[in-house]
Amino acid sequence: MTGRSRLVRRWSAGLAGIFLLTAPFLWTKVHGDLATGNVRLSFVPSNALGFLSVVVPGFAIGASLVWMAGLWGRLGPRRPLVATAANRLLERPWALLALGAALSCSGTLMSAKALSLGSFVCLYMMLALGLNVTIGFTGLLVLGYAAFYATGAYAFALVAKFLPGFPAWAAFPLGFCTAAATGFLVGLPCLRLRGDYLAIVTLGFAEAFRELVRNLPAAGGDMGLILPDTSRIRGLGPLSAAQAAWICGVWLVLLLSVSVHRLRHSRTGRAWIAIREDETAAAMMGIPVVRLKLLAFSISAGVGGLAGAYFAGFTGFVDPSTSTFDQSVLVLSMVILGGMGSLPGVLAGAALLYLVPTLLRDQIPQIADYRLFFFGSILVAMMLLRPQGLLGSPRHKLELEGSG
Amino acid sequence: MTPALSVRDLGKSFGGLVAVQGISMESHPGQILSIIGPNGAGKTTLFNCLSGIYRPDRGSVSLDGTDITGLAPHLVARRGLSRSFQNIRLFPEMSVLQNVMVGRFSRTPAFPLGFLLRTPAWRRSEKEAERVSLDLLEFVGLADRADSWARELPYGLQRRLEVARALATEPAVLLLDEPGAGMNPSEIATMMRLVGSIRDRGIALVVIEHHMRLVMEISDRILVLDHGEPIAEGIPSEVRSDPRVIEAYLGRSEEDHV
């Protein structure tokens, strides 16, 4: 009881602190001209009320979710049922084919809005799967993952611009290879060093990449690039373009899930986990640590690039905002919320963190302003209360070792 | 007979501090060479130089006649030298079996795409890695704990798992850094039997150990270090009666007992 009340007190104190710190900026408005010194501050209570009306319920919902997750972690089943079931599914190709077919068919029944939401969920699932390879398996922090997503998207858009009629299906391997090669070059200097250099270097690379495409006339500058119709994901026979995009996304997610799962349960995957657990001991087991880290990071970047090509293929445009820090943090939050290293976990994290804010935004438009605030809170809270993520119990890795 | 491991005039300093110097030794297949010496004598530094974690400043290390001085740890391991660590370094969030299977890394083929399609050849190689690892767990007496988490094993069993994992790399030379540290007498007895049966497999063993009874009983030869330098080398009875050793190391503890 005392533990819980202490927790409640800590949370409310934190909330009050955030409110007090932000209040002066939210409640007041600056009038006049700073140059002439004729400045007047006025009190705007409605701003503060608007802030409160979003943050308080949001914080309450978030806190109770995290609290339930923490409770589940302490008392609940040691092997989360959802994660176990999903991992079993990944071992059964026929069941996955059936699932893919069912989801594809359901595309014909979905509304245009549902198809768009579904395609974006697929997109973020791909990104989360890719980032999980470096963060979850190999234990390397990447803070600029969106750069590789943007690399894939721009590679596709640029090739489509100069090669009219370049088909969307060919863009997936193109996006993968371009981004994997970029990842290899970015990782080469910093993966030879120990420590979190990769985090800083990727962070810088993402910013540099955005400035590069903003200032490159061939890449369309701030306006970005619009893909020619012939290169977009198009309808086929009775299928509309939106349905084709959804079906394409479903199969890409399934393909990537199986590939990443099989990679994890192989000699390479074991070596990655060993590096994450103890780098020196892993090297002593004959594992070329630098080479395997580079492999993990290149694959991760490649999957990001594939997702980028998919994004460009179904939305039909790319612009520099694909490579923002927001995007990187969003994908990072998905991986951490769902559970680093757990495939069902990161897939669930991606769906939750895309769908919840998007659907809430339709209901309460102001919430969009506080997106990053919530992501930050989720990251901190998960690290404190359930570091293994919602579905990420390390125990589920055990029972499915081997090819089955 | 060429020695499995041969070290010549090895030296390593950190800044102005000389950690080890002038060390020469040979280790033969099926024999146990023990390294003893007071704390800070440079025993673990010596192991780090042999296994590639440190690059020695002077001297040479060779395995079966090939020079391995200054090679990276994973290349040293591939050439047949493996080790355990003084402060156990397992992979805690992996199962006991997986820990040993990691040791098979350099002894299994890569299959660039075989793992994706799960080709028969890939399946065979995974099964083989699993079988070898289970055999090694059997050998160290951990077969019934194969599916436990490494971090859940009691201390004494973690030490044995570390030995099994090191054996999985198929070493010709195995370095054990204080295999009996922190163990109770019955665990030490088990560890002694294990070390003996590793020797019987024809592996050259180099063991750092503090338990003098253990050292005197199992060693074929003993090398004594003090302040980073070798002060005596020989069979146990010679070392036991060497006045410099008694002065530097054994003497003090014998006086304590009197």
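These numbered points comment on a predicted model of a complex that holds chain A and chain B.

1. Confidence in the complex. Because this is a predicted model, the confidence scores deserve to be read before the details. The predictor gives the complex an ipTM of 0.92, together with a pTM of 0.84. For chain B the mean pLDDT is 91, and 96% of the residues score at least 70.

2. Where to be careful in chain B. Confidence varies among the elements of this chain: helix 10 (residues 243–257) of chain B has the lowest mean pLDDT, at 65, whereas strand 6 (residues 81–83) of chain B has the highest, at 97. Over residues 254–258 of chain B the pLDDT stays under 50, and for that stretch the model has zero contacts beyond four places in sequence. As a rule of reading, predicted coordinates should not be read in detail where pLDDT is low.

3. The overall make-up of chain A. Chain A has 15 helices and four strands, and of its 404 residues 45% count as buried. If one takes the contacts in chain A with a separation of 6 or more, 77% of them are between residues 24 or more positions apart.

4. Helix 13 of chain A. This helix, residues 325–338 of chain A, has 14 residues and reaches 20 Å from its first C-alpha to its last, which is close to the 20 Å expected at 1.5 Å a residue. Helix 13 of chain A is mostly covered, with 11 of its 14 residues buried; among these are A:Leu330, A:Val331, A:Leu332, A:Val335 and A:Ile336, but also A:Gln327 and A:Ser328. The buried residues pack against helix 5 (112–138), helix 6, helix 8 (197–215), helix 14 (343–363) and helix 15 (371–385) of chain A. After helix 13 of chain A comes A:Gly339, which has a positive phi, near 130°.

5. Helix 6 of chain A. One of the packing partners just named is helix 6 of chain A, which covers residues 146–162. Its 17 residues should span 24 Å at 1.5 Å a residue, and the end C-alpha atoms are indeed 24 Å apart, so the expected and modelled spans agree. Helix 6 of chain A is also largely enclosed by the rest of the structure, because 13 of its 17 residues are buried.

6. A single residue to look up: A:Trp251. This tryptophan lies in helix 9 (residues 241–264) of chain A. Is A:Trp251 buried or exposed? A residue needs 20 or more C-beta neighbours within 10 Å to be buried and 12 or fewer to be exposed; A:Trp251 has 16 inside 10 Å, and therefore counts as partly exposed. A:Trp251 and A:Met110 are 141 residues apart in sequence, and their C-alpha atoms are 17 Å apart in space.

7. The sheet of chain B. Four strands of chain B form an open sheet in the order 2-1-4-5, with antiparallel pairing. At its edges are strand 2 and strand 5 (66–67) of chain B, each of which pairs on one side only. Helix 1 (residues 43–50) of chain B packs on this sheet, where it touches strand 1, strand 2 and strand 4 of chain B, and its direction makes about 65° with that of strand 2 of chain B.

8. How the strands are joined. Strand 1 (residues 5–14) and strand 2 (residues 17–27) of chain B pair in the antiparallel sense over seven bridges; B:Leu5 stands opposite B:Ser27, and B:Ser13 has B:Val18 as its bridge partner. The two strands form a hairpin with two residues between them, and B:Gly15 in the turn has a positive phi of about 60°. Strand 1 of chain B is also joined to strand 4 of chain B by five bridges, again antiparallel, and here B:Ser6 stands opposite B:Ser62. Strand 4 (residues 58–63) and strand 5 of chain B run antiparallel and share two bridges, with B:Leu63 and B:Thr66 as bridge partners.

9. The contact between the chains. Chain B gives 31 residues to the contact and chain A gives 25. On the side of chain B that touches chain A, at least two residues each come from helix 2 (73–78), strand 6, helix 3 (96–102), helix 4 (114–117) and helix 5 (120–140) of chain B. The largest share, four residues, is that of helix 2 of chain B. By kind, the residues on this side of chain B divide into 12 nonpolar, nine polar and 10 charged.

How values were computed:
Residues numbered from 1 in each chain as written. Chains lettered and ligands numbered in written order. Predicted model: local features only at pLDDT ≥ 70, side-chain atom pairs only at ≥ 80, totals over all residues. Expected span 1.5 Å × (residues − 1). Pairing = 2+ DSSP bridges. pLDDT = per-residue confidence, 0-100. Contact = placed C-beta atoms within 7 Å. Axes fitted to C-alpha atoms, helices over the stretch in contact; angles between N-to-C directions. Nonpolar A, V, L, I, M, F, W, Y, C, P; charged D, E, K, R; others polar.
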